[in-house]
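User: I am new to this structure and would like a close look at one of its helices. Please set the scene first, then take me through the residues there.

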Amino acid sequence: MAQPSLKVAHPVLQAIPGVNFFQLSRFLLIAFLVTFPLQIRTLVYNPPFLLTGNFNPYATFFVYLSDVALAAAFLCWGIALLRGETVYKKFGDAKVLIGLLLIFAVSLLPSVYFAEYRLMSFLLCARFFELMLLVVLMGQDILGMKDVLKYFVAGMAAQAGIAIFQYLFQHSLGLQILGEAALSPDTPGVAKMDVGGEKLIRAYGTFPHPNVLAGGLTAALFLSWHWLKNTFWLRVGVVALLSAALLLTFSRSAFLAFAGGVLVFISLGDSKIYWRNILLGASILL
């Protein structure tokens with residue numbers, strides 16, 4: 001179906017020939033979904049190095065390839081809007097959305113004010129607002145929800161495969177070009193588990209820490225269970241793969257989140273469960 005036209009705000013935008021900015025924004029949004037697990041990044045800011053010369057990743061701000069892809073997708077969507085290639089699709093209540101954004105912004109101010117490195121704290125808080133760009137783009141039907149689920153679950157399934165082999169081999173797989181960390185049981189700072197007096201590395205994938213990978217795997221488990229409900233064997237295979245990788249992260253926070261998610265998932269199901277309110281309350285407490 002052809003997109004309805006809008007009045008073009010600036011003739012210069014209309015003069016760019018042979019470029020469909022709406023399709024370009026779609027491509028860039030897919031690029032974001034594919035690249036967000038990858039640690040392909042460049043250093044933007046860090047405070048003065050310590051006298052010891054140690055590098056502190058917690059006081060360092062990076063710009064990732066996925067950040068660039070998301071910002072470019074938002075920019076191309078905006079140009080497409082001005083060129084009349086698409087129209088703004090209202091989603092939700094604008095007053096509620098603006099109110100939540102204001103509450104969110106105000107709640108972040110204390111962390112910036114009391115931070116030792118205020119500029120660093122501001123940059124990290126600004127990253128949260130990057131998620132708001134994603135919310136807007138998701139609400140504009142640039143990608144259908146099935147496409148979003150497809151790319152996200154496929155990406156996390158690939159991460160699960162990398163994570164399982166990392167644990168089996170107990171070292172990194174040579175995927176540094178994708179941002180994989182250098183992993184070995186003898187490397188200081190690598191997350192490990194003590195098993196029978198032996199140190200075993202936890203699964204990382206290409207994420208910066210096993211807990212971050214575990215968060216993505218937990219989300220992918222619930223989404224794949226819903227998305228693949230009509231393909232039994234594919235559903236079982238994907239869930240088994242994601243579950244195995246989640247276990248190898250040894251992330252207690254993710255296990256707790258998964259347990260809470262299961263309670264919510266059951267309580268919001270189609271079946272009539274009279275104690276669903278108890279389940280919802282338990283999930284909130286959890």
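Analyst: Start with the whole chain. The protein chain has 10 helices and four strands. This is a predicted model. In sequence order, the elements run α-α-β-β-α-α-α-α-β-β-α-α-α-α. The chain has 286 residues, and 36% of them count as buried. Its accessible surface is about 17200 Å². Carbon and sulfur atoms account for 71% of that surface. Now the contacts. Take those between residues at least 6 apart in sequence: 64% of them join residues at least 24 apart.

The close look goes to helix H3. Helix H3 covers residues 65–83. Two of its residues deserve a stop: aspartate 67 and arginine 83.

Take aspartate 67. Its relative accessible area is 13%, so aspartate 67 is buried; the cut-off for buried is under 20%. What does its side chain reach at 2.9 Å? The partner is the backbone nitrogen of tyrosine 64. Aspartate 67 also has contacts beyond its neighbours within four places in sequence. These are Phe62, Arg127 and Glu130.

Move on to arginine 83, also in helix H3. Is arginine 83 buried or exposed? Arginine 83 counts as buried because its relative accessible area is 12%. Its side chain makes a polar contact with the side chain of glutamate 85. The distance there is 2.7 Å.

Cysteines come next. Cysteine 76 has 7% relative accessibility, so this residue counts as buried. Cysteine 125 is buried too, because its relative accessible area is 9%. How many disulfides does a search of the whole structure find? The search finds zero.

For contrast, look at helix H4. Helix H4 spans residues 94–113, and leucine 100 sits in it. Leucine 100 counts as exposed because its relative accessibility is 53%; the cut-off for exposed is over 50%. Leucine 100 also belongs to a nonpolar surface patch, together with Val96 and Ile103. That patch has an area of about 310 Å².

To recap, aspartate 67 is buried and arginine 83 is buried, while leucine 100 in helix H4 is exposed. Aspartate 67 reaches the backbone of tyrosine 64 with its side chain. Arginine 83 meets glutamate 85, side chain to side chain.

How values were computed: Residues are numbered from 1 along each chain as its sequence is written. This is a predicted model: local features need pLDDT of at least 70, side-chain atom pairs count only at pLDDT 80 or more; totals for chains, interfaces and linings use all residues. Side-chain values use heavy atoms; hydrogens and water are left out. Patches are made of residues with over 30% relative accessible area and no salt bridge: like charges are joined within 9 Å, nonpolar side chains (Val, Leu, Ile, Met, Phe, Trp, Tyr) within 5 Å. Accessible areas come from the Shrake-Rupley method with a 1.4 Å probe; for residues, only the protein chains shown count as cover. A salt bridge is a side-chain nitrogen of Lys or Arg within 4 Å of a carboxyl oxygen of Asp or Glu. Buried means under 20% relative accessible area, exposed over 50%, partly exposed in between (1.4 Å probe, protein chains only). A disulfide is a pair of cysteine sulfur atoms within 2.5 Å. A polar contact is a pair of N or O atoms within 3.5 Å; within protein, one must be able to donate a hydrogen and the other to accept it, and residues adjacent in sequence count only if both atoms are side-chain atoms. Contact means heavy atoms within 4.5 Å.
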